[in-house]
Amino acid sequence: MLAAPQAAARTDTPQSSALTYIEARAAAMRGEHGRSAELLAGLAERSAGDLTISRKALGEAIGAGDMALALRLAHRLKPNELTTDARLLLIAEELRRRQPDRAMPFVTGANDDANLQFLEPLIRAWAAVERRDLASALTVIDQIPVNSLLGPYRYENRAFILLKFRRTAEAEPFARQAIAASGGRENRLRLALADGFLAAGDRARAAAMVEGMGSDAGPARQRIAAGKRIGLAIDDSARAYAELLLGLAVDLNRLNNRALPVSMVQVARYADPRNSAGSVLLALLLESQGRTDQALLILGAVAASDPLAPQALDASARMLIDQKKFDEALALARLSTTARDATVGDFSRLGDVLQSSKRYNEAADAYGRAIGL
């Protein structure tokens, strides 16, 4: 956590408070949301809990992914003072603790912000799963209105719940319907479903889930063939909640809502830290805000062994090319082709970078290697 700058430790006067606030807003405009959150949090403490400042500090902390600070600030507010992103975070905290009943007041509580009651069926269904009550869980899922915000996620949650109970044959048609409706989440959803089938002991159906991924399926197919878990199954309420938030963030971003999607993704990453799709999506959102250096750092932290590593590498290479950092892009692309298990995607990525660098003969060679594979 960043140390609070000297300005935040000044004697509390109207002038010093105003200066701290200006410094915090300037930091936020530069994309330094962690520093902004620290400054505003200190200012809120010295201003006798000013609600506006507290809310701004909380929003900056969530946007920066500093959930320790965000939770500390959120717990100081009254329920009717919580903003939407704060309520989303507190729901995640309770689900991580496996306390869905304690999450419900943040779902159903009314205030001036967005209504989150559409989340209630998801939480109730997964609470039933964790009680080992399959019938109740499926009943709740089946009652979700098709045209509600939760409607597009009915099939995948029904599949995940059935897989939790090892009902693989029943889960398969819902899994395929979910994939068909998944849009930009398709690869991530295929991997999560494949891992669910594998956890349920159905290796054949697990392999079938990744077949539509093209060249990206290689590493996952190898793990499934060896009976090794991918690590992406949606098998508890916190992970189901995180997956929903990622989908909603994608939809909101399409509607040009710039702030809430980042907060949603950060909350999703807190709810399910192993979900690397959150890291890839966060990086893309940050890039769209001109924060490419931060985006590249986040993508660089995705492990090479992660099932979504190819997507992280593709995004990193493209961002570097867009910044005209051809040497860095080329070094990144070459590295993955030196691995013993280099894939079609690795050589295609190298070809794309070489072509962007106008090294056409080398690009043709890389594409040839991809075709050969």
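**Notebook: helices, a pocket and two odd loops**

I started with Gln294, which sits in helix α17 (helices are DSSP runs of H or I, at least four residues, and strands are E runs of at least two, numbered from the N terminus). Before going on, I noted that this is a predicted model, where local features need pLDDT of at least 70, side-chain atom pairs count only at pLDDT 80 or more, and totals for chains, interfaces and linings use all residues. I also noted that residues are numbered from 1 along each chain as its sequence is written, and that side-chain values use heavy atoms, with hydrogens and water left out.

**Gln294**
I looked up its exposure: Gln294 is partly exposed, at 28% relative accessibility (buried is under 20% relative accessible area, exposed is over 50%, partly exposed is in between, with a 1.4 Å probe and protein chains only). Leaving out residues up to four places away in sequence, Gln294 touches Gly31 and Leu286 (contact means heavy atoms within 4.5 Å). I also checked Ala283, eleven residues from Gln294 along the chain, and the two C-alpha atoms are 7.4 Å apart.

**The largest pocket**
Helix α17 came up again here. It is among the elements giving two or more residues to the lining of the largest pocket, along with α13 (218–225), α18 (309–322) and α19 (326–337). I put the pocket's volume at about 710 Å³. A pocket here is an open set of points on a 1 Å grid over the protein atoms alone where a 1.4 Å probe fits, with protein on both sides within 12 Å along at least five of seven lines, and lining residues have an atom within 4 Å of a point. The volume is the space filled by probe spheres set on the points, which are joined across faces, edges and corners. I found 30 lining residues, with Ala304, Ser305, Ala309, Pro310 and Leu313 nearest the centre. The lining splits into 16 nonpolar, eight polar and six charged residues (Ala, Val, Leu, Ile, Met, Phe, Trp, Tyr, Cys and Pro count as nonpolar, Asp, Glu, Lys and Arg as charged, and the others, Gly among them, as polar).

**Glu243**
Next I went to helix α14 (residues 237–254), which holds Glu243. Glu243 is buried, with a relative accessible area of 2%. Its side chain makes polar contacts with the side chains of Arg188, at 2.9 Å, and Asn275, at 3.1 Å. A polar contact is a pair of N or O atoms within 3.5 Å; within protein, one must be able to donate a hydrogen and the other to accept it, and residues adjacent in sequence count only if both atoms are side-chain atoms. Glu156, Arg185 and Ile234 are also among the residues that Glu243 touches.

**Two helices**
I checked α2 (residues 33–46): its 14 residues reach 20 Å between end C-alpha atoms, close to the 20 Å expected (1.5 Å times one less than the number of residues). Ten of the 14 are buried, including His33, Glu38 and Leu43.

Helix α10 (residues 168–180) has 13 residues and spans 18 Å, in agreement with its expected span. Its buried residues include Thr168 and Glu172, and their cover includes α9 (154–164), α11 (186–199) and α12 (203–210).

**Two positive phi angles**
I ended in the loops. Arg166, between α9 and α10, is not a glycine yet has a positive phi of about 65 degrees. Arg166 is exposed at 53%. Lys358 also has a positive phi of about 65 degrees; I found Lys358 in the loop between α20 (344–356) and α21 (360–372), exposed at 62%.
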